[in-house]
Amino acid sequence: MKLYKKSVSFFLLMILALFLAACNNSEQSSGDGGTEEPQDTTEDTSGDSGGEGTEESDEQVTIVYARGVDTTGANEKLVAAFEEQHPNINVEYREMPSDTGQQHDQYVTEFSGGSAEIDVFDADVIWPAEFAQANYALELDRFIEQDGIDMEQYFPGTVAAGNFNGKQWAMPKFSDAGMLYYRSDIVEEPPATWDELIEQAGQYQGEEGTSSGYLMQAAQYEGLVCNAVEFIQSYGGQVINENNEVVVNSPETIKAIEKMQEIVGSDFVPDNILNFQEVETETAFIEGNAVFARNWPYMQASANDEERSSVVDNVEVTTLPEGDAGSASTLGGWMAMINRHSEHPQEAWEFVKFMTGEEGQKITAIEGGSPPTIPALYDDPEVQEAGALFDNPDFVEVLENAVPRPVTPIYPEISDIMQIELSKALTGDQTAEEAASNMETKITEAMNE
Ligand code: GLC
């Protein structure tokens, strides 16, 4: 595997990290803008089935575990390994949509109605603050203390993503960062810059039966925001700065949106690129239809899956191309949370603990290709062997420097605004200047509400 270290703009990233910390603190202390203090859920549940000190009993219990579509088969293995160690707990899997926004909306509908049906669920890194604020989730500190879980074993950023109001609401399950996949049987030297990518995508399209030069996630949904954050940051722009000011209306952001327009409007992407999410990207790429693709690390597993992929051994992964300010990856990833109304909190916790502990994360890494949130696992020979990315110290650096999305309970509103305005720019309904200006006005309004 080739993974080129590129001149990531560390200064910008550090500023952003500082801002996020400040933003998190101010959210914690603000109490305005419709932000209600979440109730302390500890007492509510300690009297019933799952309070502190409650031992797991021998009684058969079924817990419902919800997560998005798993194309890798890792989930089945994870559940089987857990059930083998806990013969009294059955895990019933509930499949949710693969689109994170649709998944989010289903959870909001269920949890806001107080449903106890789902016990454990996977949460996108952008949800814990909102779900904690809305009181949908069980706070996990008492379980963490009870079982002596060492939170320092995790990458600090992944723990922070699950922490709100000084409490831990979510345990880190795996981390994500946008990567560039390419066909090593076609490409000689992967592109260093977005302009080189555009050139090579046009040049190589058609080779080895490919119909597209490049694939990305350009549909109007959360993945578009992730792709856009990468372009914006790589051209030196930001959405919100270290002083919590919306600064998205900048020449850098406009240039980034224009680059996205150039790619989406080119002949080397599929005609329906505006409908592409991760699943469409994965399917087209592993069927051998594209030279380059932007996707998350899990695609290293599917690309090498003998049963599904026709490009086994012909795929390499590298960092995303650079704009004027370097290369940038959006930080993604998933956490495990417990429904605040679960009737089996202790059993739910056992499952969360297993999935997010070393053993569970190892299964997710080996079978699912998704990056562990426990740094020590990158030294594990079986993990290293499972995915080329895991065997490369530069990849850990990419994860550590990836650009987080704002940690705030109003993140869904910010994202919706970005999705709509960016989409209009990509369909040609507005210019890049208009998109940047509208995002700035509307995000500012949302933050001041
Ligand atoms: C991946 C990321 C997640 C992101 C989503 C967007 O699942 O892990 O954080 O929001 O893609 O589609």
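1. Among contacts in the protein between residues at least 6 apart in sequence, 77% join residues at least 24 apart; contact means heavy atoms within 4.5 Å. The model is a predicted one, in which local features need pLDDT of at least 70 and side-chain atom pairs count only at pLDDT 80 or more, while totals for chains, interfaces and linings use all residues. Residues are numbered from 1 along each chain as its sequence is written, and side-chain values use heavy atoms, with hydrogens and water left out.

2. The protein contains 18 helices and 11 strands. Helices (H or I, at least four residues) and strands (E, at least two) are DSSP runs, numbered from the N terminus. Of its 449 residues, 59% are buried. Buried means under 20% relative accessible area, exposed means over 50%, and partly exposed lies in between (1.4 Å probe, protein chains only). The accessible surface of the protein is about 17500 Å², and carbon and sulfur atoms account for 45% of that surface. Accessible areas come from the Shrake-Rupley method with a 1.4 Å probe; for residues, only the protein chains shown count as cover.

3. One open sheet is formed by 5 strands in the order 2-1-3-11-6, with mixed pairing. Two strands pair if DSSP finds at least two bridges between them. Strand 2 (89–96) and strand 6 (171–177) are at the edges with a single partner strand each, so one side of each has no neighbour in the sheet. On average, neighbouring strands of this sheet are turned by 20 degrees against each other, direction ignored. Axes are lines fitted to C-alpha atoms, for helices over the stretch in contact, and angles run from 0 to 180 degrees between N-to-C directions.

4. Within this sheet, strand 3 (residues 120–124) pairs with strand 11 (residues 331–338) in the antiparallel sense over 5 bridges. The bridge partner of A123 in strand 11 is M335. Two helices may be described alongside. Helix 3 (residues 74–85) lies across strand 1 (61–68), strand 2 and strand 6, and runs at about 165 degrees to strand 2. Helix 4 (residues 100–112) lies across strand 1, strand 2, strand 3 and strand 11, and runs at about 135 degrees to strand 3.

5. Another open sheet has 4 strands in the order 8-9-7-10, again with mixed pairing. Its edges are strand 8 (212–215) and strand 10 (315–318); each has a single partner strand, so one side of each is left without a neighbour in the sheet. Neighbouring strands here are turned by 15 degrees against each other on average, direction ignored. Helix 8 (residues 194–204) packs on the sheet and touches strand 7, strand 8 and strand 9, its direction making about 145 degrees with that of strand 9.

6. Strand 7 (residues 179–183) runs antiparallel to strand 9 (residues 290–295), and 4 bridges join them. M179 has N295 as its bridge partner in strand 9. Strand 7 also pairs with strand 10 in the antiparallel sense, over 4 bridges, and there the bridge partner of Y182 is E316.

7. Is strand 10 covered or open on its faces? Both faces are covered: V315 and V317 on one side, and E316 and T318 on the other, are all buried. In a regular strand the side chains alternate between the two faces of the sheet.

8. The ligand is surrounded by 13 residues, of which the closest are D124, D176, E278, G333 and R405; a residue is near a molecule if one of its heavy atoms lies within 4 Å of it. An N or O atom in the side chain of D124 is 2.5 Å from an oxygen atom of the ligand. For D176, a polar side-chain atom lies 2.5 Å from a ligand oxygen atom. At G333, a polar backbone atom is 2.8 Å from an oxygen atom of the ligand. The protein covers 93% of the 310 Å² of accessible area that the ligand has on its own.

9. M260 is placed in helix 10 (residues 251–264) and counts as buried, because its relative accessibility is 0%. Leaving aside neighbours within four places in sequence, M260 is in contact with M216, L224, N227, A228, F231 and L426. M260 and A425 are 165 residues apart in sequence, yet 9.1 Å apart in space, C-alpha to C-alpha.

10. Most residues other than glycine have a negative phi. D313, which is not a glycine, has a positive phi of about 70 degrees. D313 belongs to the loop between helix 12 (299–303) and strand 10, and is exposed, with a relative accessible area of 65%.

Technical notes
Polar contact = N/O pair within 3.5 Å; in protein donor to acceptor, adjacent residues only side chain to side chain.
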